[in-house]
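Colleague: I should be grateful for a close look at one part of this model. Please take the explanation step by step, as for a first-year student.

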Amino acid sequence: MKSIEGIYVIIDPEFINNEDPVEMSKKVLAGGAKIIQLRNKIGTTLDTIKWGTEISNLCNEYEAISIINDRVDIACITNSDGVHLGQKDIHPDLVKQITHKNLQIGTSNAIISEVEESEKNSSSYIAIGSIFPTTTKSDTRPASLQMLIDAKKICKKPIVAIGGINQQNIESTIDTGVDSVCIATAITLSKDPEKTTKSLSKYFDI
């Protein structure tokens, strides 16, 4: 199973300057992104399947990880590497009842009790946030840099920091010991997504 590390980019049709999600994925992968999550809240299921399949193929070319937000079924149909689940989505332990595929399973966590639960369940990586204020989701709950430090002390699974991370705060985030940082608009709404991804990737020694 590919390692969860480096720059993790969320491709969301609402936050990519009306660009095609597959074209945006090409740019960030060329810039060094190691993980791509397709999060489609406005398009159709057919859109998600089409984009997800193409992004999955691209990620294979770049030896990166492809993730589908929320939908285990679409992750399987598109041959993606994994699925990302929120606290209100299907429980990670139930994924194996849907598919025999060895999916990477990410979970969203905002408080330490959720992190402790994710460490025990079938999740593959633990996303923690929102570390900083973010505009891409309205229902986020605040976390903190200190929480990342505390989580690293109790977790063996990879930790992904998410929420409002950009060029100004990525260094302090990585200094907590996290394995990956998840970024959306700081990359996808920048003037040059490939160049921005390349610049942010330099903070990881991989």
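How many bridges join strand β2 to strand β3, and do these strands run parallel or antiparallel?

Modeller: The model is a predicted one. Strand β2, residues 35-38, and strand β3, residues 65-69, are joined by 4 bridges, and the two run parallel. One residue pair shows the register: L38 has I68 as its bridge partner in β3. In general, the strands of a sheet pair through backbone hydrogen bonds, in either a parallel or an antiparallel manner.

This pair belongs to a wider arrangement. The barrel is closed by 8 strands, following the order β1-β2-β3-β4-β5-β6-β7-β8, with parallel pairing. On average, neighbouring strands of this sheet are turned by 25° against each other, with direction ignored. Helix α1, formed by residues 21-30, packs on the sheet and touches both β1 (6-11) and β2. The direction of α1 makes about 170° with that of β1.

One may also ask about covalent links between cysteines. A disulfide is a covalent bond between the sulfur atoms of two cysteines. The count of disulfides here comes to 0, where the cut-off for such a pair of sulfur atoms is within 2.5 Å. For C155, the closest cysteine sulfur is that of C182, 17 Å away, so the distance is too far for a bond. For C182, the closest cysteine sulfur lies in C59, 13 Å away, which is likewise too far for a bond. Both residues are shielded: C155 is buried, at a relative accessible area of 9%, and C182 is buried as well, at 4% relative accessibility.

Notes:
Residues are numbered from 1 along each chain as its sequence is written. This is a predicted model: local features need pLDDT of at least 70, side-chain atom pairs count only at pLDDT 80 or more; totals for chains, interfaces and linings use all residues. Side-chain values use heavy atoms; hydrogens and water are left out. Two strands pair if DSSP finds at least two bridges between them. Axes are lines fitted to C-alpha atoms, for helices over the stretch in contact, and angles run from 0 to 180 degrees between N-to-C directions. Contact means heavy atoms within 4.5 Å. Buried means under 20% relative accessible area, exposed over 50%, partly exposed in between (1.4 Å probe, protein chains only).
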